Amino acid sequence: MRSAKDFFRPLAVGAPAPPREVPFRPSRMIHFFDPGNEKMAAKVPALAPQVDVLLGNLEDAVAADRKEAARAGLVSVARATDFGATQLWTRVNSLDSPWALDDLVTLVTEIGDKLDVVMVPKVEGAHDIHYVDRLLAQLEARAGLRRPILVHAILETAAGVAAVEEIAAASPRMQGISLGPADLAASRRMKTTRVGGGHPGYLVREDPPPTFGGGTPSDAPRVTYQQDLWHYTIARMVDACAAHDILPYYGPFGDIQDVTACEDQFRNAFLLGCVGAWSLHPVQIDIAKRVFSPAPEDVAWARQVIEAMGDGTGAVMIDGKMQDDATFKQCQVVVGLADALAERDPQLAASYAAADKVARR
Ligand SMILES: CC(C)(COP(=O)(O)OP(=O)(O)OC[C@H]1O[C@@H](n2cnc3c(N)ncnc32)[C@H](O)[C@@H]1OP(=O)(O)O)[C@@H](O)C(=O)NCCC(=O)NCCSC(=O)C[C@H](O)C(=O)O
Ligand SMILES: [Mg+2]
């Protein structure tokens, strides 16, 4: 068993010290691209300033006979691109595949100084993170890296969901966790054929009108309400991440043309505590940017509450609503996120300042 003190010692001689906290960097969208697709890879320099995270995907959606080309493509695009403040992540192949080892060895050795986070798919328990943790330390030491590469797990197997708390706590390298609804659906034997989003068959129906005195039941139409297939898993993931001070994300929304449902799915995740989602296509970038940035009027309201609450204790009434220590803390979350995002996004900073001005009139 590792002692608590061991947690902060490098797992290989000469490796950088493990991180003590996850540095906050905007990650409203993790934009996926296939580095072996020349057309897509050519768009990376122009995409870099528009997104918070660029992720070179080596796993699913890259055909088996294109794995090496994708890996080599990521090395060359990473070397050739100045990412500025944008993070570079990769999703390596799953640990039970024949490609995962070469993915990690090649990427850390060749472009480890440019890689911020390694996303590990199909994580089933702490043992998967421990394996990657030790290997990264060995490779970092060998490559002479000064900064540890962080690890992000995808929650996309039933075993992974059952072990989500131990996964979140498995290493100081843990940066966050994303929901992978497509693989999770398959692993759970759900009867869907989609990548995220809802399903019209998963619903509740209002009761029939009462038939007093044994009359004939009415055949009047009864309203149905589609339910959220992902609520339980997202909420569980958010709790595990918050408890271990790492970041939760919604994953992919596969119906690229249904921008409305994509926005709804992203917003549900945002309201439940997620900090971002994956964008699979350029059209999803602005949706994520909009949804995962607190709305200017909400930020202005939160600032008003914080100001009125003084030291954050007691209770006050604002516009007929009671505010106390707990709403003060919620408002601090909103303002803290807004300030951090505004530091990197001048357009957002301007819209927050404008809403604040209107609220103070
Ligand atoms: C989904 C796509 C295959 C669609 O591609 P395409 O048919 O080319 O779409 P468009 O014609 O609309 O494309 C318009 C132009 O935009 C470029 N493009 C498309 N996608 C991207 C992108 N992600 N990054 C950069 N540029 C992109 C096209 O090249 C077109 O360019 P041009 O011709 O010059 O106008 C495609 O979007 C795609 O492959 N996306 C990524 C898919 C992916 O990564 N999937 C894996 C993640 S989801 C998953 O793994 C499930 C999860 O693990 C789980 O279990 O839930
Ligand atoms: Mg998957």
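## Magnesium site, helix packing and a few residues to look at

Let's start at the metal: the magnesium ion (ligand 2) takes its protein donors from E156 (OE) and D183 (OD), which lie 2.0 to 2.1 Å from it. Keep in mind that this is a predicted model. The two donors tie together distant parts of the chain, 27 residues apart. E156 belongs to the loop between β5 (150–155) and α6 (158–162), while D183 is in helix α8 (residues 181–188). Are these two buried or exposed? E156 has 3% relative accessibility, so it counts as buried, being under the 20% cut-off. D183 has 25% relative accessibility and counts as partly exposed.

Now for the helices. Here are three packed pairs, with the angle and the axis distance for each.

| Helix pair | Angle between axes | Axis distance |
|---|---|---|
| α12 (residues 296–309) and α13 (residues 325–344) | about 130° | 8 Å apart |
| α3 (residues 67–80) and α4 (residues 100–111) | roughly 15° | within 10 Å |
| α12 and α14 (residues 346–360) | roughly 55° | within 8 Å |

Helix α12 shows up twice, so take it piece by piece. With α13, the angle of about 130° makes α12 oblique to its partner. The crossing of α12 past α13 is left-handed. On the α12 side, the contact uses D298, V299, A302, R303, V305, I306 and M309. On the α13 side, the residues are D325, T327, F328, C331, Q332, V334, V335, A338 and D339. Sort the residues of that contact by class and you get ten nonpolar, two polar and four charged.

What about α12 and α14? Their axes cross at roughly 55°, and the two helices are therefore oblique to each other. Here the crossing is right-handed. From α12 come P296, E297, V299, A300, R303 and E307, and these meet S351, Y352, A355, D356, A359 and R360 of α14. By class, this contact has six nonpolar, one polar and five charged residues. If you're flipping between the two contacts in your viewer, V299 and R303 are worth finding: both are listed in the contact with α13 and in the contact with α14.

The α3 and α4 pair crosses at roughly 15°. That angle is under 35 degrees, so α3 and α4 are roughly parallel to each other. α3 passes α4 in a right-handed crossing. R71, L74, V75, A78 and R79 are the α3 residues in the contact, and D102, D103, T106, L107, E110 and I111 are those from α4. The class count comes to five nonpolar, one polar and five charged.

While you're at α4, have a look at A100, which is found in that helix. Its relative accessible area is 4%, so A100 is buried. Leaving aside residues up to four places away in sequence, A100 touches N93, S94 and L95. V132 sits 32 residues from A100 along the chain, and the C-alpha atoms of the two are separated by 10.0 Å.

V238 is another buried residue, this one in helix α9. Its relative accessibility is 9%. Which residues does V238 touch, not counting those up to four places away in sequence? The answer is P248, L272, G273 and C274. G273 is 35 residues from V238 along the chain, with a C-alpha separation of 6.2 Å.

Finally, there are two aspartates whose backbone deserves a glance. Most residues other than glycine have a negative phi. D245, though, has a positive phi near 60°, and D319 has a positive phi near 50°. Where do they sit? D245 is in the loop between α9 (231–243) and β9 (247–249), and D319 is in the loop between β11 (316–318) and β12 (321–323). D245 is exposed, with a relative accessible area of 65%. D319 is exposed too, with a relative accessible area of 62%.

Note on methods. Residues are numbered from 1 along each chain as its sequence is written. Chains are lettered from A and ligands numbered from 1 in the order in which they are written. This is a predicted model: local features need pLDDT of at least 70, side-chain atom pairs count only at pLDDT 80 or more; totals for chains, interfaces and linings use all residues. Side-chain values use heavy atoms; hydrogens and water are left out. Axes are lines fitted to C-alpha atoms, for helices over the stretch in contact, and angles run from 0 to 180 degrees between N-to-C directions. Helices (H or I, at least four residues) and strands (E, at least two) are DSSP runs, numbered from the N terminus. Angles under 35 degrees count as roughly parallel, over 145 as roughly antiparallel, 65 to 115 as roughly perpendicular and the rest as oblique. A crossing is left-handed if the near helix is turned anticlockwise from the far one by less than a right angle, and right-handed if clockwise. Contact means heavy atoms within 4.5 Å. Ala, Val, Leu, Ile, Met, Phe, Trp, Tyr, Cys and Pro count as nonpolar, Asp, Glu, Lys and Arg as charged, and the others, Gly among them, as polar. Donors are N, O and S atoms within 2.8 Å of the metal (3.2 Å for Na, K and Ca); water is not among the atoms, so sites may look incomplete. Buried means under 20% relative accessible area, exposed over 50%, partly exposed in between (1.4 Å probe, protein chains only).
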